[in-house]
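Colleague: I am new to this structure. Could you take me through it?
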Amino acid sequence: MARGPGMSTGCRTCRRRRVKCDERHPGCTRCEKANYHCEGYTRDHRFIDENARTKRFVKKESKSKAPGNSNLVSVSVSPGVETRTTDRSIERAGSRCEIVNPAFGLGLQGFEEDICTSFLLSHLLSGDTGFLPVPWMREHAENTGSLSAQTSIRALGALYFGKLHRLNNIADRSHSFYGKALVALNSDLQQTEKAWSLSVVKSAMILGLYEFIDCKSTSGWMKHAGGVSKLIEMRGPYRHQTFMDRRKRCFLEHEDWKTVPYELDPGAKTSLNYLHDILCDVPGLVEDVGALKELAQAQGLVDGDADAVRRKRQLELELSQKVLMELKMLYEWRAAWAMENQGGCYPFQILMIANGVTIYNAILILLRWIGYQVIGPTFDPAGVYIDVPEGIEYGPLYAPREAPNGQAIAMEICRAVEYHLEEERKSAGGFFLLFPLSVACQVFEPGSREAEWLREVLDKVADSSGFEIGRRFWADGAKHYFSKGGLIS
């Protein structure tokens, strides 16, 4: 694909930072001096929307031709709009769109895979500051030596392009690539050398994203997520130094996974990474709550067995301490986040800040629920001691320990929806909203005004960003996975 006019030839890192690159090979001097990892000069794929230019061209041509010219053919550039041109014909029948040059008879199908892949790499998770840093997907698309890489990218590209453009024939063809990708991935897993490669992990992640968008059922993406989790765990933290219904603890809660990957470059760990560390502890806490309930229902406890009573009290004490410690870390993270982004937390200035606030609130809702389940009505989320400076500005958002109940926290998540779904960031914004909104939905009663509004938002995310899993949440009945009292309290 030729480089478009005005496109920089600098390295990918400098282009993302929007600074001038000296274009030294293999890595530029500017990145070296600034202690940035130079991502090199690999070719970019860009999707260029020619629709507006085509319309102008058609309008100009139709005016310059006399009425009744026998060389004119009908063109439909958009549903319900028909004009005329001598250069090409565009036929739209149902969901099928074909562009044909009369001189050569070459249809869109000859370029379909390249178009879908380019559109995927330039639009999926696009944010307000350009494209979000997901270079692994672009690198995977350029890995021509891996069949699972090529077929998984083709499958995701065709599905994403077809879904967003309502071209069902293209989306349907993605199923064939998906099947081939599964076969290729299974073949890679049978070979010892390939099974340990990062390429296999990437292919599994791509297929997980495919299920996020296709989402015929919630079990599909969970199976891929489980596979990715197992692959990463087997590879171990040292292999990652250079680059949720889940009620079971995650291996990422172990300290090695929070420290070892960053030992070679401690500065690479961002504030959001620390927030994700807290999030990775939540599944284990939920599993412990389940174990506590099972112990409470055990026959020995019912019969008044002294050992059973002692084990239950010990587990309650340990779990109570964990919850309070997690809340303390979460509150202190929130204070540090506000200090780091003074003046930008609300109204939001960039998507990263908005994403941090919504994830924080989702984790806070979950930890409050766990606290009420373990400690009971005496649990006081505002009573946790935190060591933070005074005078931090939070704007209209709740400061740590000040949210009165779960519904107030969920409403704070809802207030961030409009910013996430604005046109320039709706793809990445929609993706980032899936987890916080799925938690917020558990707070409100089914059929309430808030619950119905959230349903409409998740439908909008599915329509505009392609992530069908948001709609599937409601199709499955929007089950309340957590008890009403804990989440609302």
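Modeller: What follows covers the cores, one helix and the cysteines. This is a predicted model, in which local features need pLDDT of at least 70, side-chain atom pairs count only at pLDDT 80 or more, and totals for chains, interfaces and linings use all residues. Residues are numbered from 1 along each chain as its sequence is written, and side-chain values use heavy atoms, with hydrogens and water left out.

Colleague: How many residues has the largest nonpolar core?
Modeller: It has 102 residues, and Leu-124, Met-137, Ile-363 and Ile-370 have the most contacts inside it. A nonpolar core is a set of buried Ala, Val, Leu, Ile, Met, Phe, Trp, Tyr and Cys residues joined through side-chain atoms within 4.5 Å; buried means under 20% relative accessible area, with a 1.4 Å probe and protein chains only.

Colleague: Which helix gives the most to this core?
Modeller: Helix H15 (residues 351-375) does, with 16 residues. Helices are DSSP runs of H or I, at least four residues, numbered from the N terminus.

Colleague: Which cysteines does the second core include?
Modeller: That separate core of six residues includes Cys-21, Cys-28, Cys-31 and Cys-38.

Colleague: How many disulfides are there?
Modeller: The count is zero, a disulfide being a pair of cysteine sulfur atoms within 2.5 Å.

Colleague: Why is there no bond for Cys-14?
Modeller: Its closest cysteine sulfur, in Cys-11, is 3.5 Å away, which is too far. Cys-14 counts as buried because its relative accessibility is 1%.

Colleague: Changing topic, what comes just after H19?
Modeller: Gly-466, which takes a positive phi of about 90°. Within H19, the buried residues include Leu-454 and Val-461.

Methods
Buried < 20%, exposed > 50% of the residue type's maximum accessible area, 1.4 Å probe, protein only. Helix = DSSP H or I, 4+ residues; strand = E, 2+ residues; numbered from the N terminus.
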